[in-house]
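I opened the model to look up its domains, its core, one helix and the ligand shell. My entries follow in that order.

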Amino acid sequence: MKTFEIAVIPGDGIGQEVVPAALQVLQAVMDVHGGLKLKFTNFPWNCDYYMEHGKMMPDDGIQTLSGFDAVFLGAVGDPSRVPDHVSLWGLLIKIRREFEQVINIRPAKYFQGLSSPLRNHNNFDFIVVRENSEGEYSEIGGRIHKGEDELAIQNAVFSRKGTERAMRYAFELAQKRRGHVTSATKSNGIVHSMPFWDDVFKDVSADYPQIKTSAIHIDALAAFFVTRPQIFDVIAASNLFGDILTDLGGAIMGSIGIAPAANINLNGKYPSMFEPVHGSAPDITGKGIANPLGQVWTAKMMLDHLGEHEIADKLLAAMEQVTASGCKTPDIGGTATTREVTDAICRTLKAVTV
Ligand code: NAD
Ligand code: IPM
Ligand code: MN
């Protein structure tokens, strides 16, 4: 029987609360499904590590992680001690880039038992495919001059290869779902990259004549997430647009604390990384009330990635049953703690059938 080697990086803030919760759930998954073996190796790389060593991970950190089947990460960032651009570029973004995790898959759907802030909320189910390696997150730019001439420049980089790769992934995914891809664009503005984005979208869509397509400007698209989220199936978005849309996707489910994500390496050379959409939530750290559902759903995406679909589906069903039973953290209107929700998922998992 294969043992999957999982590198675990809890990170900062509530990452240190929701990652242990998700590991407890994964242990329960293994108890239920005797055929699955996951071996966890913990890496304490975070802002504490930075305060001690002046870096977010050891110099050979990437090399160390490269031998694992997957990386399971909580959240990075403790801006009261380490500037975000230092902590994020030194760990999270570094892993995404070094491991060529060029696609970020971020689902959102009506979740049983959750009171979405939307009035008509019970029928949406979409996935944002976020380009995860370039776009507005390029490393080209900087702050120049001083005094009244001071300015900052950020160059967005959209390569045909990178753009096409993300779009192709979206079309392939839509083929397995409801057959519709929406492009998040802004080609009506003076953003030079977006008419190019549209051209690539048209070129890729020509290879998928059976897939319906729409192109919607990002501003209107954000509004449609609120007023008619049911029209979406798969959404292809650039790095920054996808980032913003997916916090909104979490919010319309009920909380960003639920939203999961998977950073996918497509060429098989390096591990993929699984981390929820939310951050380290300094405002609730240490209170024991962080919602573990985002991290647990992220664990479900990792199980799918490892080919364990049946138990992954059981896990999602258990999460929905627990939520529907009213066992919920305060961000989604309940009074339960992280631990209570986690224990309930583990108990329910043992009984659930799908
Ligand atoms: P955040 O996602 O940490 O928090 C935004 C709001 O959502 C807060 O009110 C928080 O309490 C709430 N929230 C988030 N997750 C929750 C959960 N699981 N349960 C209940 N409530 C939850 O975003 P932020 O405040 O902009 O960022 C805080 C830090 O996290 C910063 O350093 C930021 O750079 C970092 N960050 C890291 C990641 C990552 O590592 N993937 C993602 C986003 C932000
Ligand atoms: C995310 C986060 C990161 C991003 C930040 C923390 C760099 O917001 O994973 O959504 O923008 O990609
Ligand atoms: Mn984000």
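Entry 1, domains. I took the centres of domain 1 and domain 2 over C-alpha atoms and found them separated by 24 Å. The bounds, which come from an automatic or database domain assignment, are 1-103 + 256-354 for domain 1 and 116-253 for domain 2. I then listed the contact between them, to which domain 1 gives 10 residues and domain 2 gives 13 residues; two residues are in contact if their C-beta atoms, placed from the backbone, lie within 7 Å. On the side of domain 1 that touches domain 2, α5 (92-98) and β4 (101-109) are the elements that give two or more residues. β4 has the largest share there, 3 residues. I sorted that side into 6 nonpolar, 2 polar and 2 charged residues (nonpolar: Ala, Val, Leu, Ile, Met, Phe, Trp, Tyr, Cys and Pro; charged: Asp, Glu, Lys and Arg; polar: the others, Gly among them).

Entry 2, conventions. This is a predicted model, in which local features need pLDDT of at least 70 and side-chain atom pairs count only at pLDDT 80 or more, while totals for chains, interfaces and linings use all residues. Residues are numbered from 1 along each chain as its sequence is written, and chains are lettered from A and ligands numbered from 1 in the order in which they are written. Helices (H or I, at least four residues) and strands (E, at least two) are DSSP runs, numbered from the N terminus.

Entry 3, core. I looked up the largest nonpolar core, a set of buried Ala, Val, Leu, Ile, Met, Phe, Trp, Tyr and Cys residues joined through C-beta atoms within 7 Å. It has 104 residues, and Val25, Val71, Val129, Ala170, Ile235, Ala236 and Ile345 touch the most other members. α1 gives the most to this core, 9 residues. The core lies between domain 1 and domain 2, because both give residues to it. For Val25 I noted Val296, Ala299, Thr342, Ile345 and Cys346 as touching residues, leaving out those up to four places away in sequence.

Entry 4, α11. I traced α11 over residues 309-324. Its buried residues (20 or more other C-beta atoms within 10 Å of their own, C-beta atoms being placed from the backbone) include Ile311, Leu315, Met319 and Val322. α1 (15-32), α10 (293-305) and α12 (338-351) are among what covers the buried residues of α11. After α11 comes Gly326, with a positive phi near 100°.

Entry 5, ligand 1. I counted 23 residues around ligand 1, of which Gly77, Gly257, His278, Gly279 and Asn291 come nearest; a residue is near if its C-beta atom, placed from the backbone, lies within 6 Å. The shell divides into 12 nonpolar, 7 polar and 4 charged residues.

Methods:
Expected span 1.5 Å × (residues − 1). Buried ≥ 20, exposed ≤ 12 C-beta atoms within 10 Å, placed from the backbone.
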